[in-house]
Amino acid sequence: MKSRYMSMILAAVLAVGMTACKGNPAGDGPGTADRAEADSNSRESEEVTFVLDWTPNTNHTGVYVAQAKGYFEEAGLNVNIIQPPEDGATMLVAGGGAQFGVDFQDSITPAFATESPLPVTAVAAVIQHNTSGLISLKEKGIDAPKKMEGFTYATWELEIEQAIMKYVMEQDGGDYSKLELIPSTVSDVVTALQTDVDLVWIYYAWDGIAAQRKGLETNYINFADLDAALDYYSPIIIANNDYLAENPQQAKAFLQAVRKGYEFAIENPQEAADILCEAAPELDKEIVLESQKWLADQYQADAPKWGIIDKERWDGFYQWLYDHGVIETEIPDGTGFSNEYIQ
């Protein structure tokens with residue numbers, strides 16, 4: 001459900017940053033309000049491209065609902081939803097190939113932990129809390145991080161990922177060196193758990209629901225329940241900074257339509273699931289429906305409205321990464337997100 005391109009982002013930060021970094025990805029939004037309003041008509045276009053982070057799934061339902069229900073059309077927008085290129089959605093958005101895209105706060109870290117940040121800003125939280133965690137077969141008895149000792153874990157071999165794994169194990173009194181890491185990008189969690197893989201990092205709304213539907217009895221360790229710093233935002237909608245500065249009203253119109261799409265999905269999970277399946281008929285309809293029902297309470301959760309990013313939680317995660325030596329460059333508070341486009 002989640003595509004990670006952190007190493008690619010890190011490798012390309014300088015190249016893109018030198019040519020495209022005109023905006024300031026901070027909590028108050030790129031550029032000044034006066035400049036944004038003055039330039040808003042200069043390059044406005046009804047054509048908007050939205051790039052997914054992976055293949056269509058219930059993280060994206062609100063966007064597909066907005067398209068199917070005509071919310072984009074009502075806003076005067078013609079939105080093209082595309083799947084990501086090999087180097088990921090963030091690089092496409094940063095380079096101006098798409099106005100909006102999907103990423104995750106942890107995955108996008110290298111875009112900001114540099115002297116030349118990528119010109120992208122998170123403008124909405126798709127899901128209000130981090131719903132990712134570790135799944136294992138119940139028979140293995142791994143119901144706490146310290147109990148991961150002696151078992152195997154399918155790793156993406158990413159620094160942030162492994163730092164989080166080490167942290168949660170040690171905080172629970174476990175020995176991280178006793179967890180066997182198996183380099184693997186698991187595409188089918190249900191099958192993987194029945195092979196030589198004991199633990200997989202998943203997003204519960206998709207793979208957790210899929211495991212249930214397939215009749216697997218599992219244990220699930222949710223990261224957000226272990227430490228407040230790990231309740232970061234995943235996934236998020238990002239936007240190109242130059243686009244935001246030059247087309248603020250269009251950006252607000254786009255996000256208002258998207259917000260209506262997610263609000264519809266919250267209130268009508270069955271119909272929302274049908275809309276997603278119509279757009280992506282290759283999906284398992286039963287998994288989509290159960291996932292949609294589960295996410296109905298998660299999209300907005302306890303936020304005052306869908307899409308709002310809490311500054312304390314956003315900054316807290318990046319501070320945690322710096323304090324634990326995961327990143328060498330401290331990310332200033334407020335960097336990389338803006339709530340000003342959510343109406």
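Two strands are taken as paired if DSSP finds at least two bridges between them. With that criterion in mind, the tour of this predicted model begins at a sheet.

**First stop: the sheet.** Select strand 5, residues 132–137, together with strand 8; these run antiparallel and are joined by 4 bridges. Within this pair, display Ile135, which stands opposite Val200 of strand 8.

Next, add strand 9 to the selection. The 3 strands form an open sheet in the order 8-5-9, with antiparallel pairing. Strand 8 (200–203) and strand 9 (218–222) each have a single partner strand and stand at the edges, so one side of each is left without a neighbour in the sheet. From one strand to the next, the twist averages 40°.

**Second stop: the helix across the sheet.** Keep the sheet displayed and select helix 9, residues 204–213. Helix 9 lies across strand 5, strand 8 and strand 9, and its direction is at about 110° to that of strand 8.

**Third stop: a pair of helices.** Two packed helices are described by the angle between their axes and the distance between the axes. Select helix 12 (residues 248–267) and helix 13 (residues 269–279): their axes come within 5 Å and cross at roughly 125°. This crossing makes helix 12 oblique to helix 13.

To view the contact itself, show the side chains of Phe264, Ala265, Ile266 and Glu267 on helix 12, and those of Pro269, Glu271, Ala272 and Ile275 on helix 13. Colouring by class gives 6 nonpolar, no polar and 2 charged residues in the contact of helix 12 with helix 13.

Conventions. Residues numbered from 1 in each chain as written. Predicted model: local features only at pLDDT ≥ 70, side-chain atom pairs only at ≥ 80, totals over all residues. Heavy atoms only, no water. Helix = DSSP H or I, 4+ residues; strand = E, 2+ residues; numbered from the N terminus. Axes fitted to C-alpha atoms, helices over the stretch in contact; angles between N-to-C directions. Contact = heavy atoms within 4.5 Å. Parallel < 35°, antiparallel > 145°, perpendicular 65-115°, else oblique. Nonpolar A, V, L, I, M, F, W, Y, C, P; charged D, E, K, R; others polar.
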